[in-house]
Structure formats: C-alpha cells, structure tokens
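Thanks for sending this one over. I have put my reading into a few numbered points that you can follow with the model open beside you.

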Amino acid sequence: MRMFLILLPLLLISLFFQVTTTQTVGGWEPIENITDSHVQELGNYAVSEHNRQSGDNLDFLYVMSGAKQFDEATGREKYGLYIEARDAEDMLGLYRALVYEGYGDGYRELKFFNRTSSS
C-alpha cells in the first residue's frame with residue numbers, strides 16, 4: 001500500500017506531462033474535419049485569390065487534406081491545404097496552398113499556391 005501511495009503521484013505527474021506535451025503549441029495539427037464548410041471556404045478563397053493574382057482560371061473542387069498552426073509572431077492561424085481543382089483545359093490537379101487567417105477581423109492572405117508535382 002505504501003508503494004502505491006508513492007507511485008500514484010508519479011503516475012499522475014507523468015500523465016499530466018503526456019497530456020500537456022501532446023498539445024504542441026506552435027506545431028502543425030491535422031485538420032480533423034476536412035469537409036467543414038469553413039475549411040472548404042478557405043480552399044475556395046485560395047483558388048480565387050490565386051486566379052486573381054496570376055490570371056489563371058482554376059475551378060475549385062474541394063480541399064482534400066490539410067493542417068493548421070497558430071503563428072505566434074503574427075497572431076494568425078496558418079492553414080496548409082491540399083486542394084483539388086480543374087484548370088482551363090479541364091484537367092484535374094492537386095495544389096498546395098498556405099493561407100493566413102485572422103480571428104474575427106476578416107483578414108485572409110494567400111501566402112503560397114502551386115501545383116504539386118504528383119498531379
């Protein structure tokens with residue numbers, strides 16, 4: 001019984017550190033619900049903004065996968081997205097995008113967009 005009372009606090013401390021270290025502050029986290037309307041809206045924004053900046057004519061289809069990270073330096077959320085889109089020749093392609101988004105201020109910025117080499 002005495003050994004149990006000694007080991008119990010150690011076990012609780014180790015569980016606490018395990019739980020807190022899995023919440024990787026500043027680390028990339030997979031987007032759990034990729035079909036969420038907000039995630040799909042971000043993908044559509046990325047394609048539309050790319051078209052505006054480049055003169056391309058891609059049609060957004062959907063976000064296939066992605067991850068997000070809170071950027072402590074800017075105070076904004078970063079979204080790394082893999083997007084399926086169709087080009088002007090009706091060819092499907094997989095594109096990578098990096099979108100910054102602010103909380104509640106309407107801020108969005110496309111930082112990066114390109115076609116992946118595997119498409």
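The points below go from the sheet to the core, then to the charged and aromatic side chains, and end with one loop residue.

1. A word on the source before anything else: this is a predicted model. Please read every distance and angle below in that light.

2. Let me begin with the sheet. Five strands make it up, running in the order β1-β2-β3-β4-β5, and the sheet is open with antiparallel pairing. The edge positions go to β1 and β5, each of which has a single partner strand, so one side of each has no neighbour in the sheet.

3. The β4 and β5 pair comes up again and again in what follows. These two strands pair in the antiparallel sense over seven bridges. Their hairpin has six residues between the strands, and within the hairpin G104 adopts a positive phi near 70 degrees. That glycine is a good place to pause when you trace the backbone here.

4. Next, the core. The largest nonpolar core counts 18 residues, and A46, L81, I83, L110 and F113 are those with the most contacts inside it. Its residues come from several elements, with α2, β3, β4 and β5 each giving at least two. Which element supplies the largest share of this core? That is α2, with five residues.

5. F113 deserves a second look, as it also takes part in an aromatic pair. The structure has two such pairs. In the one formed by Y95 and F113, the ring centres are 5.4 Å apart and the planes meet at 20 degrees, so the pair counts as stacked. Y95 belongs to strand β4 and F113 to strand β5, so the stacking ties together parts 18 residues apart in sequence. Both partners are buried: Y95 has a relative accessible area of 6%, and F113 comes in at 13%.

6. On to the charges. There are seven salt bridges in the structure, and I will go through three of them. The side chain of R108 meets that of E101 in one, at 3.1 Å from N to O. E101 also stands opposite R108 of β5 in the sheet. Are these two residues buried or partly exposed? E101 is buried, at 10% relative accessible area, while R108 is partly exposed at 23%. The cut-off for buried is under 20%, so R108 at 23% does not qualify. The pair is also part of something wider, since E41, E101 and R108 are linked in a network of salt bridges.

7. The second salt bridge joins the side chains of D87 and R115, with 3.9 Å between N and O. D87 sits in the loop between β3 (76-86) and β4 (92-101), and R115 in strand β5 (residues 108-115), so this contact ties together parts 28 residues apart in sequence. A salt bridge is counted within 4 Å, so I would look at the 3.9 Å of this pair with that limit in mind. D87 is buried, with a relative accessibility of 15%, whereas R115 is partly exposed at 35%.

8. The third salt bridge is between the side chains of K111 and E109, at 3.4 Å from N to O. Here both residues are partly exposed, K111 with a relative accessible area of 42% and E109 with 28%. K111 has a further contact worth checking: it lies over the face of Y100, 4.9 Å from the ring centre. Another charge sits over a ring as well, for the charged end of R76 is placed over Y107 at 3.7 Å from the ring centre.

9. My last point is about T35. Where does T35 lie? Its place is the loop between β1 (29-30) and α2 (37-54). T35 is exposed, with 63% relative accessible area. Its side chain nevertheless has a polar contact, at 2.8 Å, with the side chain of N33. The C-alpha atoms of T35 and V63 are 7.6 Å apart, although 28 residues separate the two along the chain.

Methods. Residues are numbered from 1 along each chain as its sequence is written. This is a predicted model: local features need pLDDT of at least 70, side-chain atom pairs count only at pLDDT 80 or more; totals for chains, interfaces and linings use all residues. Side-chain values use heavy atoms; hydrogens and water are left out. Helices (H or I, at least four residues) and strands (E, at least two) are DSSP runs, numbered from the N terminus. Buried means under 20% relative accessible area, exposed over 50%, partly exposed in between (1.4 Å probe, protein chains only). Rings of Phe, Tyr and Trp (its six-membered ring) pair if their centres lie within 6.5 Å; planes under 30 degrees apart count as stacked, over 60 as edge-to-face and the rest as tilted. A charge sits over a ring if NZ of Lys or CZ of Arg is within 6 Å of the ring centre and within 35 degrees of the ring normal. A polar contact is a pair of N or O atoms within 3.5 Å; within protein, one must be able to donate a hydrogen and the other to accept it, and residues adjacent in sequence count only if both atoms are side-chain atoms. Two strands pair if DSSP finds at least two bridges between them. A nonpolar core is a set of buried Ala, Val, Leu, Ile, Met, Phe, Trp, Tyr and Cys residues joined through side-chain atoms within 4.5 Å.
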